[in-house]
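Please open the model in your viewer, with side chains available as sticks, and follow the stops below in order.

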Amino acid sequence: MNSIISIILFVAWFGIAQGATVTFNVITFGAKPDGKTDATQPFLKAWAAACTATTASRIYVPKGRYLLRSAEFRGPCKNKIRVQIDGTLVAPLDHRALGNSDYWILFIQVNWLSVVGGNLDAKGAGLWACKASGQTCPTGARSITFNWVNNGEIKGLTSINSQLMHIVINSCKNVKVSNVKMIAPDLSPNTDGIHVQSSTGVTITNALIQTGDDCISIGPGTRNLWMDKIKCGPGHGVSIGSLGRSFEEDGVENVTLINSAFSGSENRLRIKTWARPSKGFVRNINFRNIVMKNVENPIIIDQNYCPNNQGCPSQGSGIKISQITYQNIQGSSATKVAMTFDCSHTNPCSNIKLHDIKLTYLKSTKAQSYCKNIAGSSAGVIMPENCL
């Protein structure tokens with residue numbers, strides 16, 4: 001009988017142990033929360049321990065400031081990992097320290113990864129000043145990147161002054177981004193809030209984005225993207241593209257943006273493609289319940305993008321745009337033309353739907369719309385005057 005009880009107790013203990021989460025504190029590995037001592041190696045050592053753990057693990061970053069250089073946190077790992085940040089990660093003040101790495105904090109080939117809480121301060125001002133001066137500058141770095149991460153999460157993170165994009169989701173499946181803030185000056189170059197490309201099943205909710213470029217940019221190969229409760233401005237809005245730079249390019253489909261607000265910004269709801277041949281497409285896009293306040297180009301499709309008028313034979317975009325719905329879009333435009341549909345003459349836009357659009361210009365003057373190479377339908381009140 002005693003042996004049976006012992007076996008039962010062992011099995012119960014083993015089950016609890018198997019389900020337990022082991023914690024790796026970066027301070028235990030030598031990190032100092034003084035913002036001056038290089039903590040890169042301690043962070044990488046904590047990651048190595050967590051990644052090889054057979055049980056679910058937590059990497060804990062206590063309160064304080066931690067100096068971090070370019071760091072690659074690579075999988076595959078043996079179990080789930082949660083990176084809990086209660087402190088602030090700071091990049092070196094010298095913008096050259098991150099060099100041409102393209103990333104500051106990179107998570108790659110990891111499944112079941114959560115990054116929760118904390119602050120990132122990428123010290124981007126030095127790089128922006130270098131670029132503005134016309135000097136030869138490093139490429140710069142994106143603040144936090146998920147590459148080939150499946151079933152991932154970024155939650156409660158604040159990112160300020162990224163050298164380039166704040167958050168990048170690339171070649172991922174089922175990633176949730178929620179309750180995040182991304183802040184950079186309105187003239188800071190290429191500081192997109194969130195960039196998604198070649199990914200499926202990404203959701204972005206409750207995001208406050210104030211940057212110098214797109215609040216959210218959507219690249220080729222993005223499918224099943226859901227965005228809800230986005231507050232954008234200053235910035236360049238939510239932009240699909242630019243697409244079609246290469247001929248062999250994945251399309252974008254099943255993208256939804258709802259219950260969001262834009263203020264003091266430009267190109268709010270934009271689809272932009274190169275004016276050159278491509279096999280790509282944009283289809284089944286839904287913009288719903290959007291409020292605009294004094295924004296430039298609230299609704300725009302631009303299929304004639306061609307910097308310096310080079311490499312665009314016949315000025316015709318091969319990207320096929322179809323099944324785009326704009327519903328309950330209201331507010332004020334800072335430009336007289338509030339709706340622009342400048343579609344490709346070789347691949348006209350089709351099945352564009354407008355439903356209850358109310359956009360005004362300077363209150364006393366009616367806003368205008370512009371349509372070219374487009375077919376679609378409308379319902380409800382349409383302001384400015386419908387040109388479909």
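At 36% relative accessibility, does D38 count as buried, partly exposed or exposed? D38 counts as partly exposed at that value, where buried means under 20% relative accessible area, exposed means over 50% and partly exposed lies in between, computed with a 1.4 Å probe on protein chains only. Before moving on, note that this is a predicted model, in which local features need pLDDT of at least 70 and side-chain atom pairs count only at pLDDT 80 or more, while totals for chains, interfaces and linings use all residues. Residues are numbered from 1 along each chain as its sequence is written, and side-chain values use heavy atoms, with hydrogens and water left out.

**Salt bridges**

Keep D38 selected and add R69, which forms a salt bridge with D38, the closest N and O atoms lying 3.2 Å apart; the term stands for a side-chain nitrogen of Lys or Arg within 4 Å of a carboxyl oxygen of Asp or Glu. The pair links distant parts of the chain, 31 residues apart, with D38 in strand β2 (residues 34-38) and R69 in the loop between β4 (65-67) and β5 (71-74). Helices (H or I, at least four residues) and strands (E, at least two) are DSSP runs, numbered from the N terminus. R69, at 37% relative accessibility, is partly exposed.

Next, select K279 and E248, which form a salt bridge whose closest N and O atoms are 3.0 Å apart. Because K279 lies in the loop between β20 (269-274) and β21 (281-295) and E248 in the loop between β18 (238-243) and β19 (252-263), the pair ties together parts that are 31 residues apart in sequence. E248 is exposed, at 58% relative accessibility.

For a pair of sequence neighbours, go to D228 and K229, whose side chains meet in a salt bridge at 3.5 Å, N to O. D228 is buried, with a relative accessible area of 12%, whereas K229 is partly exposed at 42%. Then select R65, D121 and K123 together, since these residues are linked in a network of salt bridges. A search of the whole structure finds 10 salt bridges.

**Helix α3**

Select residues 125-133, which make up helix α3, and colour L127, W128 and C130, the buried residues of this helix. Seen down the axis of α3, these buried residues fall within an arc of 160°, so they line one face of the helix; the arc is that of the directions from the helix axis to the C-beta atoms. Just after α3, look at the backbone of G134, which takes a positive phi of about 80°.

**Strands β17, β19 and β21**

Now show strand β17 (residues 223-232) with β19, which pair in the parallel sense over seven bridges; two strands pair if DSSP finds at least two bridges between them. C232 stands opposite F262 in β19. From there, continue to β21, where the bridge partner of F262 is M292, β19 and β21 being paired in the parallel sense over 10 bridges.

**Disulfides**

Return to C232 and add C215: these cysteines form a disulfide, their sulfur atoms 2.0 Å apart, the term standing for a pair of cysteine sulfur atoms within 2.5 Å. With 80° about the S-S bond, the link of C215 and C232 is right-handed. C215 sits in the loop between β15 (203-210) and β16 (216-218), and C232 in strand β17, 17 residues apart. C215 is buried at 0% relative accessibility, and C232 is buried at 2%.

Move to C51 and C77, joined by a disulfide with an S to S distance of 2.0 Å. The torsion about their S-S bond is about -100°, so this disulfide is left-handed. C51 lies in helix α2 (residues 40-52) and C77 in the loop between β5 and β6 (81-85), so the pair ties together parts that are 26 residues apart in sequence.

Then select C371 and C387, joined by a disulfide at 1.8 Å, S to S, which is right-handed because the torsion about the S-S bond is about 65°. C371 is partly exposed at 22% relative accessibility, as is C387 at 26%.

The count comes to six disulfides, and numbering the bonded cysteines in sequence order gives the pairing 1-2, 3-4, 5-6, 7-8, 9-10, 11-12. For the last stop, select C172, whose sulfur is 14 Å from the closest cysteine sulfur, in C77, too far for a bond. C172 is buried, with a relative accessible area of 2%.
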